[in-house]
Amino acid sequence: MFTIGGSMTITDLAREAAEAGATTAVDLFRTDLPVERKAGKTDYVTRADRRTQQRIVSTIRESDPEGMIVGEENDARTDVPQKGRAWVIDPIDGTNNYVRGMRHWATSVAVVEDGEPIAAANVLPAVGDTYVAERDGVRRNGESVSVSGRTDLETFTVAPTVWWDFDRRDEYAAAAEGIVTRFGDLVRLKSVQVALALVAAGSIEGAITNVRPNPWDSIAGVHLVERAGGRVTDIDGEDWHHDSHGLVASNGRDHGAMLAVAREADRLRERKGT
């Protein structure tokens with residue numbers, strides 16, 4: 001295990017940075033924050049996002065001044081380097097939930113080495129949960145968790161995740177239809193990191209999209225799912241990478257059924273040539 005200094009591991013620092021950022025974010029939660037829009041009508045950003053990322057970065061820099069920073073805010077690098085160590089940060093994944101006073105959002109920190117994840121922590125401070133990928137699995141609030149052992153598809157709960165733009169809502173509709181006709185239920189959490197953390201903990205059985213997620217939206221959660229015994233692939237069923245097309249995460253019991261839903265949605269994209 002990579003150590004930062006003394007007895008602190010890279011996992012320790014990822015958890016510490018995520019918890020520090022989460023403290024900043026939750027202090028501003030449900031306060032009168034001015035809300036800005038970025039690319040679309042529901043793509044929000046607030047000073048809470050920026051302050052939280054600053055807190056995360058400053059915590060990392062105290063112990064690892066050389067690590068590269070990849071993140072959504074504050075003009076951070078947005079691509080994951082193929083060589084060396086990088087910290088991939090999402091200060092508030094689920095800002096749409098955050099600004100509406102809903103509790104399902106996460107402060108997320110992942111570490112990659114030569115492009116591959118080696119540590120991750122997702123903190124959901126508004127619900128009081130911290131998920132950490134450890135050497136021997138995943139812990140939520142210090143207790144070991146793992147993916148669901150369910151095998152009956154009619155008892156599965158699956159989340160369509162990552163946002164489909166308005167010109168791609170037919171793909172969203174196809175994904176939703178595929179879920180409700182194959183599985184027991186659908187839940188829309190509006191945060192990729194929250195959805196993936198819940199897959200890792202066995203609270204839901206899968207999360208799917210045919211959209212390419214941003215690295216800060218996905219790497220930490222993917223690492224949690226895999227360390228918890230689940231499976232994560234791209235739309236073709238190949239091992240997922242941070243620049244993969246689509247993301248299909250499951251408890252591994254019937255990954256093919258979830259792939260089928262994602263592929264049905266993606267066929268609509270292919271017909272449009274997008």
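Q: How many residues of domain 1 are in contact with domain 2, and how many of domain 2 are in contact with domain 1?
A: Keep in mind that this is a predicted model. The domain assignment splits the protein chain into domain 1 (3-145) and domain 2 (153-273), with 21 Å between their centres, taken over C-alpha atoms. Counting heavy atoms within 4.5 Å as contact, the tally is 41 residues of domain 1 and 24 residues of domain 2.

Q: What area do domain 1 and domain 2 bury between them?
A: Interface size is often quoted as the accessible area lost when the parts come together. Here 63% of that area sits on carbon and sulfur atoms. The total for domain 1 and domain 2 is about 2400 Å².

Q: How many residue pairs are in polar contact between domain 1 and domain 2?
A: Salt bridges don't feature here, as their count between the two domains is zero. Polar contacts do turn up, counted with both residues at pLDDT 80 or more. The number of such pairs is 12.

Q: Which element gives the most to the side of domain 1 that touches domain 2?
A: Elements giving two or more residues to that side include β6 (85-93), α3 (95-99) and β8 (116-124). Its residues split into 20 nonpolar, 12 polar and nine charged. With seven residues, the top contributor is β8.

Q: What is the largest C-alpha distance among the residues of the UniProt "binding site" annotation?
A: That annotation, from an unreviewed entry, covers E72, I92 and D217. E72 lies in the loop between β5 and β6. The three spread over 146 residues of sequence yet cluster in space, with a largest C-alpha distance of 9.5 Å.

Definitions and conventions:
Residues are numbered from 1 along each chain as its sequence is written. This is a predicted model: local features need pLDDT of at least 70, side-chain atom pairs count only at pLDDT 80 or more; totals for chains, interfaces and linings use all residues. Side-chain values use heavy atoms; hydrogens and water are left out. Domain bounds come from an automatic or database domain assignment. Buried area is the accessible area (1.4 Å probe) that two parts lose on being put together, summed over both. A salt bridge is a side-chain nitrogen of Lys or Arg within 4 Å of a carboxyl oxygen of Asp or Glu. A polar contact is a pair of N or O atoms within 3.5 Å; within protein, one must be able to donate a hydrogen and the other to accept it, and residues adjacent in sequence count only if both atoms are side-chain atoms. Helices (H or I, at least four residues) and strands (E, at least two) are DSSP runs, numbered from the N terminus. Ala, Val, Leu, Ile, Met, Phe, Trp, Tyr, Cys and Pro count as nonpolar, Asp, Glu, Lys and Arg as charged, and the others, Gly among them, as polar. UniProt positions are given in the numbering used here, feature names are shortened, and annotations may be inferred rather than shown by experiment.
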